[in-house]
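User: Please take a close look at the salt bridges in this model. I would like the partners, the distances and the surroundings of each pair you discuss.

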Amino acid sequence: LLQRYIVNRQLAPLMRANEQLQRLGRGEIKHCEMAVPSEVQPLIDEVNRLLLLVNRRLTQSRTALGNVAHALKTPLAVLFQQAEDPALPSAQRKVLQEQTRAIHSRVECELKRARLAGFKQAGIGVQMASELADLTGVLQTIYRDKQLQITTSAPARALPYDREDLLELIGNLSDNACKWAKSAVRIDVAEVNDGLEIRVSDDGPGCSPDDRERMAERGVRLDETVPGHGLGLAICREITDFYQGQLRFETDPALGGLAV
C-alpha cells in the first residue's frame, strides 16, 4: 500500500499533464500551463512550442495565399478585358475567354484547397452557434428577395476544428441551399461519436438520384440559369475528403428538398 501510494503521488503530475492535453484536444485551452517536476517540464515546453509553431505556420501560409490571390486579381482583370476586345477575331476571343475563365477557376480552387487546415485543431475552438447566426444574417441579406426562413442548430460548446474550414464548407452548402430554396433552409451541426455531422437542407425542387451522383463533380452545373461557377460542391467534397469524411445527398423528409 505504501509503495502504491508513493507511485501514485509521483505520477500525479503526469496525470495532470494528460488532463491538460485532453482539454487542449477539445479546444478548451490554447496551451498547457501547469506546475510539473523538472523532469517533465521539457515535455510540456516542447508541446507548447510545437503548438505555437503549427499555428504560426498556418497563419503565415494563409497570409501568403491571400497575398498571391490579391496579386493575381489585376492581371486576371486585364485578361478578362482583353478577352472582350471586339477588335480580336471571334474565334480567338472565344478561346481567350475560355482559357481566362479556366485559369481563374483553377487558381480559386487551389487557393481554397491550400487554405484547409485539416483535422481537429489545438487551441480555442470555434463557437459554431454564433458563427451560424452571423452566416444567417449574411444569407438573408443576399437573398432578401426570397424572404427565406433560415433555422440553425449547433452545439453550445466550442468545437475543436478550424474556423475557416467549417465556414468554407457550411457557407458553400448554405449558399446552394438558398439559391434553390422556396422559403425555408435549415442548417444543423451536431457532434456524432468522435466527429461532426453537418446537414444543410432546403424546400426546393430537389433532384433525381442520377443528378445527385453528378453534383459533386468539379464544375458540373445542373442548371445554367442559376449564377455560379459549379465549384461550390466540389470544394465541399475536397474539404470533407481532407477531414476523412463523407458527402451524402438525399431528399429531406421534412422540407422535401435536397439535404446535403
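Analyst: Start with Arg-49 and Glu-46, whose side chains form a salt bridge with an N to O distance of 2.7 Å. This is a predicted model. Both residues belong to helix α2, which spans residues 41-83. They sit three residues apart, about one turn of the helix. Arg-49 has a relative accessibility of 44%, so it counts as partly exposed. Glu-46 is partly exposed too, at 35%.

That pair is part of a longer list. Across the whole structure, a search finds nine salt bridges.

Next, Arg-186 and Asp-188. Their closest N and O atoms are 3.0 Å apart, and the two form a salt bridge. Here the partners fall into separate accessibility classes. Arg-186 is partly exposed, with 31% of relative accessible area. Asp-188 has 17% and counts as buried, because the cut-off for that class is under 20%.

Now a pair between strands. Glu-250 bridges to Arg-199, and the closest N and O atoms are 2.8 Å apart. Glu-250 lies in strand β4 (residues 250-251), while Arg-199 lies in strand β3 (residues 195-202). The pair therefore ties together parts that are 51 residues apart in sequence. Glu-250 is partly exposed at 30% relative accessible area. Arg-199 stands at 24% and is also classed as partly exposed. Its value is not under 20%, so Arg-199 does not count as buried.

Salt bridges also join into a network. Glu-131, Arg-163 and Glu-164 are linked in this way. Helix α5 covers residues 163-180, and its packing is worth following.

Helix α5 packs against helix α7, which runs over residues 232-242. The angle between them is about 145°, and the axes are 9 Å apart. The crossing of α5 past α7 is left-handed. On the α5 side, the contact is made by Asp-165, Glu-168, Leu-169, Asn-172, Leu-173 and Asn-176. On the α7 side, Gly-232, Leu-233, Ile-235, Cys-236, Ile-239 and Thr-240 take part. By class, this contact holds six nonpolar, four polar and two charged residues. The charged residues are Asp-165 and Glu-168, both from α5.

To recap the three pairs: Arg-49 with Glu-46 lies within helix α2. Arg-186 pairs with Asp-188, and Asp-188 is buried. Glu-250 and Arg-199 connect strand β4 with strand β3.

Technical notes. Residues numbered from 1 in each chain as written. Predicted model: local features only at pLDDT ≥ 70, side-chain atom pairs only at ≥ 80, totals over all residues. Heavy atoms only, no water. Axes fitted to C-alpha atoms, helices over the stretch in contact; angles between N-to-C directions. Helix = DSSP H or I, 4+ residues; strand = E, 2+ residues; numbered from the N terminus. Left-handed = near helix turned anticlockwise from the far one by under 90°. Contact = heavy atoms within 4.5 Å. Salt bridge = Lys/Arg side-chain N within 4 Å of Asp/Glu carboxyl O. Buried < 20%, exposed > 50% of the residue type's maximum accessible area, 1.4 Å probe, protein only.
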